[in-house]
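Work through the exercises below with the model open beside you. Try each task before you read its solution.

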Amino acid sequence: MGIGILEDKYLDRPPGTSKLGEVQGPSFDAASTGDLKKDGDIILVPQPSDSPNDPLNWSTIQKNSIMIILAFSSGVTTSLGLMISPGLLLLSEQFNIAPDTVSTFMVGSILLFTGAVTFFTASGANIWGKRPFFVISAVMLLASNVWGTFAESFPSLAAMRIFQGISSAPLETLVTSTVSDLFFVHQRGFRLSLWGVMLGTGVLLGQIISGFVIESMGIPGTFAISALVFCLILPLMYFFVVETTYTTSRGARRHGEKRPDSRASSVDFKDLKGDDPASEPKESYKSQLRLFRGRLSDESFWKGVVKPFTLICFPAVIFSTLVYASFFCWLLTIGVLSVNIFSAPPYNLNPAQIGLTNVPLAIGALIFSPLSGWMADAIPVWIARRYNHGIFEPEFRLILMVVAIPLSTAGFIGFGISASEGLPLVWCLVWITMHSIAVPFASQASISYVIDCHTKDANQAFVTINFVKALLSFIASTVGNGLLAKFGPKTLFIGIAILNLGISLLTIPSYIYGKRLRSWVARSDWARKI
């Protein structure tokens, strides 16, 4: 039994439980594994085919180039959500509109529509490939920023932000599955950490830069500069980010999962033995630039759209959704409400100075996002080897919440009290930075946990998680300023601390009963039908 984890009396190894380095399913002897392809002593999972068109066989330079372009583009796209938060009060005064209404349409709407449209883009990418969605997304985001540069009324800006949210969906959800297309299991952890760093710092750096831009050029200037950035992204996306979906079978045999010492190992491992002929002609670069290749899958589009909704019935998905959505929602709420707090006495900051308050948060994200990624790998492996006879349990991932829970709780309470008492600005920044540091630990714990528990349905689970995050963020941006005016920062942020703590404490039953719940899902007829 893992430390504090209750054993299941029905299944010795429910989905997710594994022996480190062991192949689940048919065992291999030396003869059967001798002809498998390796990277040094590491057996490549999944096994690549012999085809030069298999993305797993592409050069390291090409694969890393695609990853860097997508990670950068995703970070820039994510930054659009809070990019204009330093100027929310300016928009409120310019158009004589309540601050809550401004934050709803300028921040909340883009997040809500991004989350809603991911159901369709994720399903569509499974059928028609990812490349058309990435390129079309870049075109639409460029157009939306040009629109925002010349918008002269609030309704026009509001409509533009909705359009921007729709345009952002592919870069919100399809990057993780692209990593799985391009990289072997033991290579994915670093690439996913790179993507996470781009997302975290993109949101914060966007506010820092936009604060200066708004101060000197006004709100339209932020969209003009964003348009210039997408003028760079679009040709990179078109000429370098080719289709990564590989539709040809990599082999006749299908085996279960293997657990290397990596967080990214919890994706689906299949087709371990490749048998495609090496004589297959390599697809020309001109052919790779095609946007549309017809249907790449016979799956039902509408079934793919609906499936993420049904996954909310899985306990691991429920837990991960609540934790991930809560921590990110409150990070956004701090970004929105701090504009009102820091622009009022005794701080009286201008938009550029408000943007600079995100500097310590960005530094924290740059340092602790990679650290949390390393800990998400190292701690579970160490516990499994030292205390559990080499048996890995997904619940070991949840140990990271021991770091996230006290940091976030103290951060909310400290910020509320500091802002209410008018303490020096440095104290406010220390407390909100504590929550910013907590976010990557909570996100690593929740996301890696749901991947381990439901590998096959990981992509759809991400859609569910992102949608709930977007919905909660929309609600928070809609009512946040009103609640701040009614209750004040101390009462509001202590209330947020209690709510977030209550959600976070679901970690305890999830850790203790998680193995039994995984077994229950695996044995349930209704779960197999989803």
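The exercises cover helix packing, a surface patch, a salt bridge and some backbone angles. The model is predicted.

**Exercise 1. Describe how H12 and H17 pack against each other.**

Solution.
- Start with the general idea: two packed helices are described by the angle between their axes and the distance between the axes.
- Find the helices. H12 covers residues 315-343, and H17 covers residues 458-504.
- Read the values. The angle is about 45 degrees, and the axes lie 5 Å apart.
- Classify the pair. H12 and H17 are therefore oblique to each other.
- Add the handedness: H12 and H17 cross in a right-handed way.
- Sort the residues of this contact: 26 are nonpolar, 13 polar and 1 charged.

**Exercise 2. Decide how H5 is oriented relative to H9.**

Solution.
- Locate H9 at residues 219-240. H5 spans 131-150.
- Take the angle between H5 and H9, which is about 155 degrees. Their axes are 8 Å apart.
- Apply the cut-off: angles over 145 degrees count as roughly antiparallel.
- H5 and H9 are therefore roughly antiparallel to each other.
- Finish with the crossing of H5 and H9, which is left-handed.

**Exercise 3. Find which helix gives the most residues to the nonpolar surface patch.**

Solution.
- List the members: Phe-212, Leu-356, Val-359, Ile-363, Leu-366 and Ile-367.
- Note the area of the patch, about 500 Å².
- Place one member. Ile-363 sits in helix H14.
- Name the helix. H14, residues 359-387, gives the most, with 4 residues.

**Exercise 4. Examine the salt bridge between Lys-130 and Asp-181.**

Solution.
- Recall the principle: side chains of opposite charge can pair when their charged atoms come close.
- Check the distance. The closest N and O atoms of Lys-130 and Asp-181 are 2.7 Å apart.
- Compare with the cut-off for a salt bridge, which is within 4 Å.
- Trace the chain. Lys-130 lies in the loop between H4 and H5, while Asp-181 is in helix H7.
- The two residues are 51 residues apart, so the pair links distant parts of the chain.
- Set the pair in context: the whole structure holds 10 salt bridges.

**Exercise 5. Explore two backbone features, at Pro-346 and at Asn-96.**

Solution.
- Begin with the usual case: most residues other than glycine have a negative phi, and most peptide bonds are trans.
- Look at Pro-345 and Pro-346. A cis peptide bond joins them, with omega about 5 degrees.
- Pro-346 belongs to the loop between H12 and H13.
- Turn to Asn-96. Its phi is positive, near 55 degrees.
- Asn-96 is in the loop between H3 and H4.

Note on methods:
Residues are numbered from 1 along each chain as its sequence is written. This is a predicted model: local features need pLDDT of at least 70, side-chain atom pairs count only at pLDDT 80 or more; totals for chains, interfaces and linings use all residues. Side-chain values use heavy atoms; hydrogens and water are left out. Axes are lines fitted to C-alpha atoms, for helices over the stretch in contact, and angles run from 0 to 180 degrees between N-to-C directions. Angles under 35 degrees count as roughly parallel, over 145 as roughly antiparallel, 65 to 115 as roughly perpendicular and the rest as oblique. A crossing is left-handed if the near helix is turned anticlockwise from the far one by less than a right angle, and right-handed if clockwise. Ala, Val, Leu, Ile, Met, Phe, Trp, Tyr, Cys and Pro count as nonpolar, Asp, Glu, Lys and Arg as charged, and the others, Gly among them, as polar. Patches are made of residues with over 30% relative accessible area and no salt bridge: like charges are joined within 9 Å, nonpolar side chains (Val, Leu, Ile, Met, Phe, Trp, Tyr) within 5 Å. Accessible areas come from the Shrake-Rupley method with a 1.4 Å probe; for residues, only the protein chains shown count as cover. A salt bridge is a side-chain nitrogen of Lys or Arg within 4 Å of a carboxyl oxygen of Asp or Glu.
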